[in-house]
Each structure stands twice: as C-alpha cells, then as structure tokens.
Number of protein chains: 2
Amino acid sequence: MSNEPATEPRWLDDEEQHAWQAYLHATTLLEDHLDRQLQRDAGMPHVYYGLLVQLSRAPRRRMRMTELAQNAKITRSRLSHAVARLEKNGWVRRENCASDKRGQNAYLTDEGLRVLEKAAPGHVNAVRAAIFDRLTPEQIGQLDEICCMIADGLQPQGADLPWLR
Amino acid sequence: MSNEPATEPRWLDDEEQHAWQAYLHATTLLEDHLDRQLQRDAGMPHVYYGLLVQLSRAPRRRMRMTELAQNAKITRSRLSHAVARLEKNGWVRRENCASDKRGQNAYLTDEGLRVLEKAAPGHVNAVRAAIFDRLTPEQIGQLDEICCMIADGLQPQGADLPWLR
DNA sequence: GCTTTATTGTTAAATATTCAATAACTCTCG
DNA sequence: CGAGAGTTATTGAATATTTAACAATAAAGC
C-alpha cells in the first residue's frame, strides 16, 4: 500500500485562485478594521462585542455558556476567558444554572447594556461603510447565500467542538 | 453644539442583518477550520502558511518585510513575530537588504519549501471542500467581486498601517 | 551640507487564543 | 441503584497578536 496522495490534488484554477485571494484580503482587512474600531470606541475586540449583542437579544439577557459559545462560533474555553474579562469590566456576570448544577448562565449587566448601546451606532456605521453601502441589493443576497453555503458545510460534529468541525 | 449623533443610525434591515450574521458565521468557522487543519498537518497557523506561500512565489523566494506584510495584510509587528517563529523552525531566514540598510529580506529555506510542498495538497483540499466545491461557478465569480469591493474600501491610508486602514 | 520628517523593522508588555487536562455533574442502561 | 460514559465549564501553560515606543536609516527641503 502507498501513502502517496491517491492523485495529484486539484489545484485552484485562475478564477478560484483570484477569488480565494480576494476572500482572504477582504476578510482579514475587515476583521482587523472592526477590531480596531471597537477597541477604540468601546474598549473591546469584535468577538467580545458580538457576545454582548447575543446576550442583549436573549430572554432576560442571559444565556447558557455553551449556547453562547455555539451562537458565537467559538470554543467554550475561549468563551470562558472572554467572559472572565467582560466580568472584570462589569459588563457581564455569571450565575449558576438552576436546572443543571454544572451549568452557568452569563448575563448582561445594566452597565454592559449601556456600553453596548453606546457602541452600537458607530459599529453599524463601520459595518455599513465597509460592506452594505458598497454592495447592490443583489450582491447582498448573493453574499448571504454564499456564506450560508460555506457555514453549512462547516457546522457538523467534532471533538471538543461538536459544532466547530 | 451637540455631541449627539447627528441622526439615528441606519440600522441593518432584515436582509442585511441576515447576511451579516451569515458572513460572521462563515468567516469564523472557516478561519477556525483552516487554522486547525494546518496546525495539525503542518504545525503552523493559517496566516503563517500564507507567508510561506507568498515567499515561495517571490523571485528568489525572498521579499522585503514590509512588502510581505502588505501582501499578507498584516502589521509589520505581527510579521516580525511570525518570522521570528518561522526562523526558529528553520523554514525562513532573514538577510540584510543591500540597497537599504534599514531593510530586511525574509527568504524561504529549502526546508521551508519542503514543508510547504508537503502541506499544500491537504490545504487545497480543505479550501476546496469548504468553498469551491460547494459553490457554482457563478457564485465564485460573485464572491470574487464582492470581496474585491470590500477589500478596496479598506485598503487606503492610515497610521502604523498605511494600507491597513 | 544640515535639519527635519518619514520609513523600516524590532521590541516589551499587555491582551487574547489555543490546547490539553481536570473537576463536577448528568445520563444511560444493565 | 450504580458503573461507565458523556457533558459542562474552567484552568494553566504555550502560543499568538496588539499596542506603543524605539533605534537606525533614508528622503526631502532648505
């Protein structure tokens, strides 16, 4: 038996190559841009802001840690660290879950909500300026479909991250 | 004069909201997926792999630090750290630039090239499986255009990062 | 030439993320 | 019930990234 790759891999053709390059540039630049914008205006990175948003939309502004991690597409470990930091800021707190003694709920404090509300307008502006004001409605629809397709393929089961593989 | 926002910000409508969510999910999941894939198969994160690719394509497999940083869309500082690590692995080395005494070239070693060649097939597979095999040719074209549009808006001038703002 | 300004690349320290291990708890099923 | 297997969340250590400051050199303006 051989451990050679069964066949020469199918390399990307020119169109694919170009699209892949463009994708990498756009996503890197955008994430960077939003991270800076939020760090400057709200004192936290983009991912942390996303956590506050999730909590703000949840019933009673609270959510199980695992569920929050799933929604935000990050590992539980990363979430633990992040919440620890947000807790230090007084923007989030933890409480024991009634129905499962292992569980924790994270909830958004009033102060956290204020911070979020103050940051939101600037953030939407940044997102608009970077994306939605630069694309046609058709393109927005296309982007949506493309992203859903990609995300769907990546959701399934895995190791520490049933969802992250 | 007031420091109120001049007007209520234009929030995202339903389509935009949905597309934005999808975008965040897709990009987060994908970057995570590729990071793990490359960490497992090649012992380095995705960004570092991208640096090796850039170098491999450059004349004489070498490039000025600043140019490399620009192409990869990362800060010079980040690149310095990354190259330091890659140098420890023996995959990249630095040399003084002849024409500018401040300058440094990074170049890909033979060993670095071997590592890259060994990792490339698996990486292309992962990229294909996650994106290109799941999209129609039209969608690939759309993705390309959309990403170029976004990247264009983010290239301009700035602080430590003339290109990163 | 000489002074001022800009560029290049690095560094230390603060922050964030990953990875592997762990404690505590719940669930399954014989 | 109770053993084994799975889930929940956290932790420490290793790694990576950001930020601000810096030294060295180059370029521009006079």
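A polar contact is a pair of N or O atoms within 3.5 Å. The exercises below use this cut-off on a predicted model.

**Exercise 1. Polar contacts to DNA strand D**

Task: Decide which part of DNA strand D, base or phosphate, faces the side chains of B:Arg102, B:Arg85 and B:Tyr48.

Solution:
- Step 1. Start with B:Arg102. An N or O atom of its side chain lies 3.2 Å from a base oxygen of DNA strand D.
- Step 2. Turn to B:Arg85. Here the partner is a phosphate oxygen of DNA strand D, at 2.9 Å from a side-chain N or O atom.
- Step 3. Take B:Tyr48. A polar atom of its side chain is 3.2 Å from a phosphate oxygen of the strand.
- Step 4. Place the surface in the fold. Helices H1 (14-42), H3 (65-72) and H4 (76-89) of chain A, and helix H4 (76-89) of chain B, each give two or more residues to the surface near DNA strand D.

**Exercise 2. The surface around DNA strand D**

Task: Describe the 23 residues around DNA strand D.

Solution:
- Step 1. Find those that come nearest. They are A:Arg36, A:Thr66, A:Arg94, A:Arg102 and B:Arg78.
- Step 2. Look at the DNA side. Of the strand D atoms within 4 Å of the protein, 66% belong to sugar and phosphate.
- Step 3. Sort the residues by class. Eleven are charged, nine polar and three nonpolar.

**Exercise 3. Symmetry of the two chains**

Task: Work out how chain B is placed relative to chain A.

Solution:
- Step 1. Superpose the chains. A turn of 180° with a shift of 0.0 Å along the axis lays chain B on chain A, with an RMSD of 0.0 Å.
- Step 2. Draw the conclusion. The copies are therefore related as by a two-fold rotation axis.
- Step 3. Check the contact surface. Both copies use the same one: 100% of the contact residues of chain B recur in chain A.

**Exercise 4. Cores and a buried histidine**

Task: Locate the largest nonpolar core, then examine B:His123.

Solution:
- Step 1. Count the core. It has 47 residues, and A:Trp20, A:Ile131, B:Trp20 and B:Ile131 have the most contacts inside it.
- Step 2. Assign elements. Helices H1, H5 and H6 of both chains give two or more residues each. H1(A) supplies the largest share, nine residues.
- Step 3. Follow B:Ile131. Beyond its sequence neighbours within four places, it contacts A:Trp20, A:Ile150, B:Leu30 and B:Leu143.
- Step 4. Note a second, separate core. It has 29 residues, including B:Ala58 and B:Val115.
- Step 5. Move to B:His123, in helix H5 of chain B. Its relative accessibility is 6%, so B:His123 counts as buried.
- Step 6. List its contacts, leaving aside neighbours within four places in sequence. B:His123 touches B:Leu34, B:Gln37, B:Leu38, B:His46 and B:Tyr49.

Notes. Residues numbered from 1 in each chain as written. Chains lettered and ligands numbered in written order. Predicted model: local features only at pLDDT ≥ 70, side-chain atom pairs only at ≥ 80, totals over all residues. Heavy atoms only, no water. Least-squares fit on C-alpha atoms with pLDDT ≥ 70 in both. Contact = heavy atoms within 4.5 Å. Near = heavy atom within 4 Å. Polar contact = N/O pair within 3.5 Å; in protein donor to acceptor, adjacent residues only side chain to side chain. Helix = DSSP H or I, 4+ residues; strand = E, 2+ residues; numbered from the N terminus. Nonpolar A, V, L, I, M, F, W, Y, C, P; charged D, E, K, R; others polar. Core = buried A, V, L, I, M, F, W, Y, C linked by side-chain atoms within 4.5 Å. Buried < 20%, exposed > 50% of the residue type's maximum accessible area, 1.4 Å probe, protein only.
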